Amino acid sequence: MEHLIRPVRADEWRQVRELRLLALRDPAAPVAFLETYENAVKRPDDFWQDRAAGSAAPGGSVRQFIAEGPDGAWAGSVTVLIEEPGTQGVLGPGPSVRQAHLVGVFVRAEFRGTGVTEALFSAAVGWARAVDGEGAGVERVRLFVHEDNPRAEAFYRKFGFVPSGEVAPVPGDPGAREREMVLERVAV
């Protein structure tokens, strides 16, 4: 793999916007994201500037990782949200333990199956595990996968995520469900 995996920088808001809009036009977008292209494209520049700055802030609870090719083009991205006990979760009740929540997973079609997704996930999980700078990090990493997204679920299982048994309704899609998958900290 020829891609550099790194956190996004605050001044890269245009690239953050471009990649997100591309992701929302992907054929899997309806079962992969809770946002639509139509809504995202209307967002003002300051939204994207804030999003990039928040994902790049040292010591913050959000980090977006990108896969940058030798030509500077971005092949994909994943965002990590640190969730503290007692806070509201993205899809329902908050966590009982300190955890990371992976969201916004997207890799351009031409880079799927090349190791880019694995590298992005390794960086995201590695950062989450050491997020406090002391190496303690989070107790677990979670994500949600739409019940109609078997390709994504297969990758998550291959990476080591397992179903927790928890499900959440999909906002704006009555009757559809997202399944929680978790990656527990392995005792060494």
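What follows is a chat about the fold of a predicted model.

Visitor: What should I know before I start, and how are residues numbered?
Guide: This is a predicted model, where local features need pLDDT of at least 70, side-chain atom pairs count only at pLDDT 80 or more, and totals for chains, interfaces and linings use all residues. Residues are numbered from 1 along each chain as its sequence is written, and side-chain values use heavy atoms, with hydrogens and water left out.

Visitor: OK, how many helices and strands does the chain have?
Guide: The chain has 6 helices and 7 strands. Helices (H or I, at least four residues) and strands (E, at least two) are DSSP runs, numbered from the N terminus. Going along the sequence, the pattern reads β-α-α-α-α-β-β-β-α-β-α-β-β.

Visitor: And what does the C-alpha trace span?
Guide: About 45 × 40 × 35 Å along the principal axes. The radius of gyration is 16 Å, which agrees with the value near 16 Å for a compact globule of 188 residues. That radius is taken over C-alpha atoms, and the globule rule is 2.2 Å times the number of residues to the power 0.38.

Visitor: How much of the chain is buried?
Guide: 43% of the 188 residues count as buried. Buried means under 20% relative accessible area, exposed over 50%, and partly exposed in between (1.4 Å probe, protein chains only).

Visitor: Let's talk strands. Why is β3 described as largely enclosed?
Guide: Strand β3 covers residues 74–83, and 9 of its 10 residues are buried, so the rest of the structure largely encloses it.

Visitor: Which strands does β3 pair with?
Guide: β3 pairs with β2 (residues 62–68) in the antiparallel sense over 7 bridges. β3 also pairs with β4 (residues 99–107), antiparallel over 7 bridges. Two strands pair if DSSP finds at least two bridges between them.

Visitor: Can you give me some residues to click on?
Guide: For β2 and β3, Val-62 has Leu-81 as its bridge partner. For β3 and β4, Ser-77 is partnered by Phe-106.

Visitor: What about the hairpin of β2 and β3, where is the positive phi?
Guide: At Gly-72, with a phi near 90 degrees; the hairpin has 5 residues between the strands.

Visitor: Moving on, which strands pair with β7?
Guide: Strand β5 (residues 140–146) is joined to β7 (residues 177–184) by 7 bridges, running antiparallel. Strand β6 (residues 162–169) pairs with β7 in the antiparallel sense too, over 5 bridges. To find them, look for Arg-142 with its partner Val-182 in β7, and Pro-163 opposite Met-181 in β7.

Visitor: Now Arg-20: buried or exposed?
Guide: Arg-20 counts as buried, because its relative accessibility is 13%. Arg-20 sits in helix α1 (residues 13–24).

Visitor: So what is Arg-20 in contact with?
Guide: Beyond its neighbours within four places in sequence, Arg-20 contacts Phe-33, Glu-35, Trp-48, Arg-51 and Gly-104. Contact means heavy atoms within 4.5 Å.

Visitor: And Ala-119, where is that?
Guide: Ala-119 is in helix α5 (residues 116–129). Ala-119 is buried, at a relative accessible area of 18%. From Ala-119 to Ser-55, the C-alpha to C-alpha distance is 18 Å, across 64 residues of sequence.

Visitor: Last one: how much of the contacts comes from residues 24 or more positions apart?
Guide: Those account for 61% of the chain's contacts with a separation of 6 or more.
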